[in-house]
Amino acid sequence: MGNGMNKDKHYLCVMASDSPDQNLTQYFSLCNDFIHAARLREGNVLIHCLAGMSRSVTVCVAYIMSVTNLNWKEALKVVRAGRAVANPNIGFQKQLEDFDSTRLMEERRRLKERYPSLALVYRDQEQCAIMLNNYEKLLQSRTICEGRCVMGEHCPTGVCRPGSGQQQGQRRRTRSRSEMRRSPSTSSTASSVSVGSRPRSGPAGLRGYTGAQYNPRQTDGAIKCYPA
Ligand SMILES: [Zn+2]
């Protein structure tokens, strides 16, 4: 393809900036449907943004909460067990918390009605339990950090600012990280959700792309999903 998009993949692109006041909640159901439908077809879903720390993580956490009985903090631990630097910005954390306390039950019900299959339920429960267990081990071995490194300590995940002790300022370095976006795997069942922003765009919007029309320059920084 040469442009990173393949015709045998399905894509869902969500335009969203990594800013605390960006509303991502409005896309949770859309992303959940895309991800869940692809997985039920035994497809793989790549969820990415730019750094893989904030936007894509938020979408993952919302999905995990929606298909399991985990709350948002537990779901975030599941993600962090696999990717230690996962760290939604403070606004996205608040949105996940609000989603948890207001819309989550309804969203779980909606998904069950729309996708009655139980094919993934037990496997997901099992996998999440394993990941939560891994998380505790990583925390104990100081391979993972919950943002509370004290002054002078080396932060294992690099999220704590040196010398700041308790801190909140870890988000801003996201952009300087190398880009995490990768071309979807060659699997014919791969799907991808990508979350990103277009610097010049106005309100966040959604777009679906087919491989043929995708131009990475136009969508740099956007959420895309690729269901098969
Ligand atoms: Zn730390």
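Good morning. From the N terminus on, the elements of this protein chain run β-α-β-α-α-α-α-α-β-β-β. In total, the secondary structure comes to six helices and five strands. Please bear in mind throughout that this is a predicted model.

Let me begin with the chain as a whole. It has 228 residues, and buried residues make up 42% of them. Of the contacts with a separation of 6 or more, 79% are accounted for by residues 24 or more positions apart.

I turn now to the interior. Which residues have the most contacts inside the largest nonpolar core? They are Cys31, Val61, Ile64, Ala75 and Val193, in a core of 52 residues. Several elements each supply at least two residues of this core: strands E1 (10-15), E2 (44-48) and E3 (190-196), together with helices H1 (28-40), H2, H3 (72-82), H4 (90-102) and H6 (121-140). H2 gives the most, with nine residues. As general background, nonpolar side chains tend to be buried together in soluble globular proteins.

Helix H1 deserves a closer look. At 1.5 Å a residue, its 13 residues should span 18 Å, and the C-alpha atoms at its ends are indeed 18 Å apart, so the two values agree. Within H1, the buried residues are Phe28, Cys31, Asn32, Phe34, Ile35, His36, Ala38 and Arg39. Cys31 thus appears both in this buried set and among the residues with the most contacts inside the core.

Next, the packing of helices. How do H2 and H5 meet? The axes of H2 (residues 55-67) and H5 (residues 104-114) come within 8 Å and cross at roughly 70°, which makes H2 roughly perpendicular to H5. On the H2 side, the contact is made by Met65, Ser66 and Val67, and on the H5 side by Leu104, Glu107, Arg108 and Leu111. Sorted by class, this contact has four nonpolar, one polar and two charged residues.

A second pair is H3 and H6. Their axes are 8 Å apart and the helices pack at an angle of about 70°; H3 and H6 are therefore roughly perpendicular to each other. H3 contributes Glu74, Lys77, Val78, Arg80, Ala81 and Gly82 to the contact, while H6 contributes Cys128, Met131, Leu132, Asn134, Tyr135 and Leu138. These residues divide into seven nonpolar, two polar and three charged.

I should also like to mention Glu97, which has its place in helix H4. Glu97 and Trp72 are 25 residues apart in sequence, yet their C-alpha atoms are 6.3 Å apart in space. Is Glu97 exposed, partly exposed or buried? Glu97 is partly exposed, because 13 other C-beta atoms lie within 10 Å, whereas a buried residue would need 20 or more.

Finally, two points on the backbone. Glu42, just after H1, lies in the loop between H1 and E2. Its phi is near 65°, a positive value in a residue other than glycine. Glu42 is exposed, with 10 other C-beta atoms within 10 Å. Arg142, in the loop between H6 and E3, likewise is not a glycine and has a positive phi, of about 55°. Arg142, however, is partly exposed, with 13 other C-beta atoms within 10 Å.

To close, I would draw your attention again to the core of 52 residues, to which H2 gives the most, and to the roughly perpendicular packing of H3 and H6. Thank you.

Key. Residues are numbered from 1 along each chain as its sequence is written. This is a predicted model: local features need pLDDT of at least 70, side-chain atom pairs count only at pLDDT 80 or more; totals for chains, interfaces and linings use all residues. Axes are lines fitted to C-alpha atoms, for helices over the stretch in contact, and angles run from 0 to 180 degrees between N-to-C directions. Helices (H or I, at least four residues) and strands (E, at least two) are DSSP runs, numbered from the N terminus. Angles under 35 degrees count as roughly parallel, over 145 as roughly antiparallel, 65 to 115 as roughly perpendicular and the rest as oblique. Two residues are in contact if their C-beta atoms, placed from the backbone, lie within 7 Å. Ala, Val, Leu, Ile, Met, Phe, Trp, Tyr, Cys and Pro count as nonpolar, Asp, Glu, Lys and Arg as charged, and the others, Gly among them, as polar. A nonpolar core is a set of buried Ala, Val, Leu, Ile, Met, Phe, Trp, Tyr and Cys residues joined through C-beta atoms within 7 Å. A residue is buried if 20 or more other C-beta atoms lie within 10 Å of its own, exposed if 12 or fewer, and partly exposed in between; C-beta atoms are placed from the backbone. The expected span of a helix is 1.5 Å times one less than its number of residues.
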